[in-house]
Amino acid sequence: MRSRRPGHTSAVSQGADEPQKGDSQRELARRAGVVTVGTLASRVLGLVRDQVIAAVFPVALTDAFVVAFTIPNALRGLLAEGAVSGAFVPVFTEEQELRGREAARSYFGRFTGSMVVILATVTAVGMYFAPEIVALYADGFDPERKALTETLTRWMFPYIFFMGVAALFGGALNALHRFAVPAFAPALLNVALVAAAFAAVPVARHYGASPILALAWGVLLGGVLQVAAQKPALIHAGFLPMPVPAFRDAAVRKSFALMVPLLAGLGVYQLNVLLSRRLASHLGEGAQSYLYFAQRLVELPQGLFAFAVATATLPTLSAFRAKGDRDGVSRSFGDSLRLSTFVGVPSSAFLFIAAGPTVSVLFERGSFGALEVTETAKALVCFAPSIWIVSLVRTTLPLFYAANDTRSPVIASAVNLVAFLAVGVSFLDSLGHVGIALANSVASAAQLAALAFLGRRHVGREAFRGFGRSTGVATLASAALALAFLGTRVAGAAAGLHASRAGQVGVYVVATVAAALAFLGTAKLLRSAELDALVSMVARRRRGAR
C-alpha cells in the first residue's frame with residue numbers, strides 16, 4: 001500500500017461506493033462540519049424548546065414530563081441510535097464494500113423489515129405496561145405525579161417506533177456519506193414541541209386534561225416528521241426497498257448478533273439513567289427538572305461536535321476495517337480524538353465558570369425563577385467537566401463498532417454504572433440532585449478509562465501522535481477563555497450594568513464573545529492544527545457556495 005503523510009486517511013466521496021485515497025483531518029472536519037451545521041440547527045431549536053417548556057410549565061409538571069420522555073428516549077438509545085451505529089452501519093458498509101451497492105440495498109430492506117416488527121412489538125408492550133415502567137423510574141413520586149407520568153408515557157411510547165425507523169433511514173444515508181438530511185431531521189422534533197406548547201395547550205385545557213399533555217402530542221408529531229423528512233433522500237439515492245422481515249437472513253442475523261452485547265452495554269448505560277431518575281424522584285419537587293435543564297445545556301456542545309465527529313468517523317473506520325487497513329483506522333481515529341478535544345475542553349471550561357449566568361440568561365423567565373436558576377446552575381457545575389470526557393467516549397465507541405467489537409463497550413458501561421452507584425448513593429443525602437450530577441461526571445471518566453484500556457488492540461500508536469500537544473493547546477486556550485469571560489463580567493459589574501435585566505444579558509453576550517475570541521486567538525498563536533483544519537473546512541464551504 002502506498003504510504004501517506006501522517007494525519008491523512010482514505011476518503012469516501014459524497015455518495016460514492018468506494019473509498020478514495022487522500023482523506024485527511026480536513027476531510028474529516030468537512031464531513032463533521034456538515035453534521036455539525038444540522039446538529040446546530042437542532043440544538044438551537046432544542047434550546048428554544050427548553051426555554052419555552054421552562055417558562056410555560058411549572059417544575060411540578062415538567063418533572064412528570066422529564067421522566068415520561070426519558071422512557072422512550074432510553075429505548076431510542078437502545079433500539080434506534082445504538083442499533084444503527086453498532087450493528088447496522090458496519091454490516092451495511094461491509095455489504096457495500098465486499099458485495100456491491102445492490103447487496104447493501106437488499107440488506108437494508110431486510111434489516112429494516114425485521115426492526116419494524118421489533119419496534120412495533122416493543123411499542124405495544126410499553127404502552128400496556130406503562131404503570132410498571134414508571135414505577136421503575138420514579139417510585140418516589142406521589143400518586144398524582146405518578147398517574148400523570150403514566151398518562152404521558154402511554155402517549156409518548158409510539159415515539160420509539162418512529163424514531164427507530166428514522167434512525168435506520170439516517171444510518172443508511174450516513175453510510176452513503178450523505179450527512180445533511182439526517183443531521184437536520186432531529187430539529188423537527190423541537191419544532192413540533194415548541195408548536196405544541198403554544199397551540200396544543202389550549203386544546204388540552206379545553207378537554208380538561210393537564211396542559212403538559214400537549215408536549216406528549218408534540219413528541220409524537222416530531223417522530224413522524226423525522227421519518228417523513230428522510231424518506232425522499234433515500235428514494236433519490238435509490239436505497240428505499242420494500243421492508244421485508246428476514247430474521248433468518250445471514251447478514252441480518254449478523255447484525256442482531258452484534259446487537260446483543262451492544263444492547264447489554266447500552267442497557268447498562270440506560271440503567272444509569274433509570275437510577276438517576278429513580279434517585280431524583282425521592283428528592284422532592286423540581287429535582288428532575290433541575291437535572292434535566294442542566295444536562296440539556298451540557299448536551300449542546302456534545303451534540304454539536306462530538307456526535308458529529310463520531311457520525312462522520314464511523315463509516316470511514318468501517319471501510320478501513322473492511323479492507324484490513326489498520327494504519328487508516330489509526331489515523332482516522334487519531335484525527336477524531338484531536339478534533340473532539342479541541343472543542344470539548346473549552347466547552348467544559350466555559351460552562352463550569354459561567355454556569356450561573358448561562359442558566360439565568362437562558363431560562364429565567366415565566367415559571368422559572370431565581371430558585372430554579374440556582375439549583376440548575378449547581379447541577380451544571382458538576383456536569384460541565386463531563387463534556388470533554390463524554391466527547392472522547394463518543395469518539396472512541398465507533399472504533400469498537402467498526403471492529404465489530406460490541407463486548408468491550410459493555411464492560412466499559414458496567415464500569416460506568418459501578419462508579420455512578422458508588423458516588424451517587426454516597427452523596428445523595430448531602431448534595432441531593434447535585435450529587436447525582438457529580439456521579440454522572442465521575443462515572444463517565446471511569447468509562448473513558450476503561451475504553452482506553454480495552455481499545456489498545458484495535459488501534460496503533462500513530463492514533464495518539466500529537467494528542468498530548470492538542471490537549472495542551474486546548475487547555476491553555478481555555479485558560480485564556482476563562483480569564484476573558486471573568487474579566488469582562490467584573491468590568492460589567494464595576495460599571496453597574498448588572499442592575500437591569502437587559503444589562504445582565506448584554507454583559508453575558510459580550511463576555512461570551514470575548515471568551516470565544518480569546519480561545520481562538522490563543523489557539524492560533526499556539527498553531528493549533530485542529531483550528532487550521534476547521535478554518536480550512538469553512539473556507540472551502542464558502543468557496544463552494546459562491
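A residue counts as buried under 20% relative accessible area, as exposed over 50%, and as partly exposed in between (1.4 Å probe, protein chains only). The structure is a predicted model, in which local features need pLDDT of at least 70, side-chain atom pairs count only at pLDDT 80 or more, and totals for chains, interfaces and linings use all residues. Residues are numbered from 1 along each chain as its sequence is written, and side-chain values use heavy atoms, with hydrogens and water left out.

**Exercise 1. Accessibility of four residues**

Classify Phe184, Asn416, Ala479 and Arg527 as buried, partly exposed or exposed, and locate each in the chain.

*Solution.*

Step 1. Phe184 has a relative accessible area of 37%, so this residue is partly exposed. Phe184 belongs to helix α7 (residues 180–184); helices (H or I, at least four residues) and strands (E, at least two) are DSSP runs, numbered from the N terminus.

Step 2. Asn416 has a relative accessible area of 3% and is therefore buried. Its helix is α17 (residues 407–431).

Step 3. Ala479 reaches 39% relative accessibility and so counts as partly exposed. Ala479 is placed in helix α19 (residues 467–494).

Step 4. Arg527 is exposed because its relative accessibility is 69%. Arg527 is situated in the loop between α20 (501–525) and α21 (529–545). Although Arg527 is not a glycine, its phi is positive, at about 60 degrees.

Step 5. For the chain as a whole, 59% of the 546 residues count as buried.

**Exercise 2. Neighbours in space**

State which residues Phe184 touches and which residues are in contact with Asn416, leaving out those up to four places away in sequence.

*Solution.*

Step 1. Contact means heavy atoms within 4.5 Å. On this basis, Phe184 touches Val37, Gly38 and Ala41.

Step 2. Asn416 is in contact with Asn272, Ala443, Ser444 and Gln447.

Step 3. Separation in sequence may be set beside separation in space. Phe184 and Gln226 are 42 residues apart in sequence, and their C-alpha atoms are 9.1 Å apart. For Ala479 and Phe350, the separation is 129 residues in sequence and 9.6 Å from C-alpha to C-alpha.

Step 4. Among contacts between residues at least 6 apart in sequence, 83% join residues at least 24 apart.

**Exercise 3. Packing of two helices**

Describe how helix α16 (residues 386–402) packs with helix α18 (residues 433–454).

*Solution.*

Step 1. Two packed helices are described by the angle between their axes and the distance between the axes. Axes are lines fitted to C-alpha atoms, for helices over the stretch in contact, and angles run from 0 to 180 degrees between N-to-C directions.

Step 2. The angle between α16 and α18 is about 35 degrees, and their axes are 9 Å apart.

Step 3. Residues of α16 in the contact include Ile389, Val393 and Phe400, while those of α18 include Ser444, Gln447 and Leu451.

Step 4. By class, the contact of α16 with α18 has 10 nonpolar, 5 polar and no charged residues. Here Ala, Val, Leu, Ile, Met, Phe, Trp, Tyr, Cys and Pro count as nonpolar, Asp, Glu, Lys and Arg as charged, and the others, Gly among them, as polar.
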